[in-house]
Amino acid sequence: VGFAAVVTIKAVPTYLEFRSVKSAVAEAQAQSSPAQARETFARLANVNSIKSVASSDLVINSEGDRLTVRAAWDKVVPLYGPVYLMIKYDTSTL
């Protein structure tokens, strides 16, 4: 029970950051150009204290008149001594 509590306490902040990134990616996708999408993401990252992903890390593709935006990253969370939890996050707009 104690180990599960430690994992939960340490992993929840990374999940909350993932939700912020997901929201910022959706806002970036609504822009009309890749430059505007990166600028929007950077602004939202600053407001929401997103540290794991920078606007330069986004993969932005144009499909016709629509943008697709993707952010993927790994988060390593130290648990206890030599034990770590690695979480792979990936969010995109389609």
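**View 1. Thr 91 lies in strand E3 of this predicted model.** With a relative accessible area of 6%, Thr 91 counts as buried, because buried means under 20%. Beyond its neighbours within four places in sequence, Thr 91 is in contact with Phe 18, Val 21, Lys 22 and Val 25. The contacts of Thr 91 also include Val 69, Arg 70, Ala 71 and Trp 73.

**View 2. Three strands form an open sheet in the order E1-E2-E3.** The pairing within this sheet is antiparallel. Strands E1 and E3 (83–92) stand at the edges with a single partner strand each, so one side of each has no neighbour in the sheet. From one strand to the next, the twist averages 15°. Strands of a sheet pair through backbone hydrogen bonds, in either a parallel or an antiparallel arrangement.

**View 3. Strand E2 (residues 66–80) pairs with E3 in the antiparallel sense.** The pairing of E2 and E3 extends over 10 bridges. Val 76 stands opposite Met 86, a residue of E3. Helix H1 (residues 2–29) packs on the sheet, where H1 touches E2 and E3. The direction of H1 makes about 165° with that of E2.

**View 4. Helix H2 (residues 34–47) lies across E1 and E2.** Relative to E1, helix H2 runs at about 140°.

**View 5. The largest nonpolar core has 22 residues.** The residues with the most contacts inside this core are Val 21, Val 25, Phe 41, Val 53, Leu 58, Ala 71 and Trp 73. Two or more residues of the core come from each of the elements H1, H2, E2 and E3. Val 25, when neighbours within four places in sequence are left aside, is in contact with Phe 41, Leu 58, Val 69 and Ala 71 as well as with Thr 91 and Thr 93. Phe 41, Leu 58 and Ala 71, which Val 25 contacts, are also among the residues with the most contacts inside the core.

**View 6. Asn 61 lies in strand E1 (residues 59–63).** At 40% relative accessibility, Asn 61 is classed as partly exposed, because this value falls between the 20% limit for buried and the 50% limit for exposed residues. Residues up to four places away in sequence not being counted, Asn 61 touches Arg 66, Leu 67 and Thr 68. Ser 33 is separated from Asn 61 by 28 residues in sequence, and the C-alpha to C-alpha distance between Asn 61 and Ser 33 is 9.6 Å.

Methods. Residues are numbered from 1 along each chain as its sequence is written. This is a predicted model: local features need pLDDT of at least 70, side-chain atom pairs count only at pLDDT 80 or more; totals for chains, interfaces and linings use all residues. Side-chain values use heavy atoms; hydrogens and water are left out. Helices (H or I, at least four residues) and strands (E, at least two) are DSSP runs, numbered from the N terminus. Buried means under 20% relative accessible area, exposed over 50%, partly exposed in between (1.4 Å probe, protein chains only). Contact means heavy atoms within 4.5 Å. Two strands pair if DSSP finds at least two bridges between them. Axes are lines fitted to C-alpha atoms, for helices over the stretch in contact, and angles run from 0 to 180 degrees between N-to-C directions. A nonpolar core is a set of buried Ala, Val, Leu, Ile, Met, Phe, Trp, Tyr and Cys residues joined through side-chain atoms within 4.5 Å.
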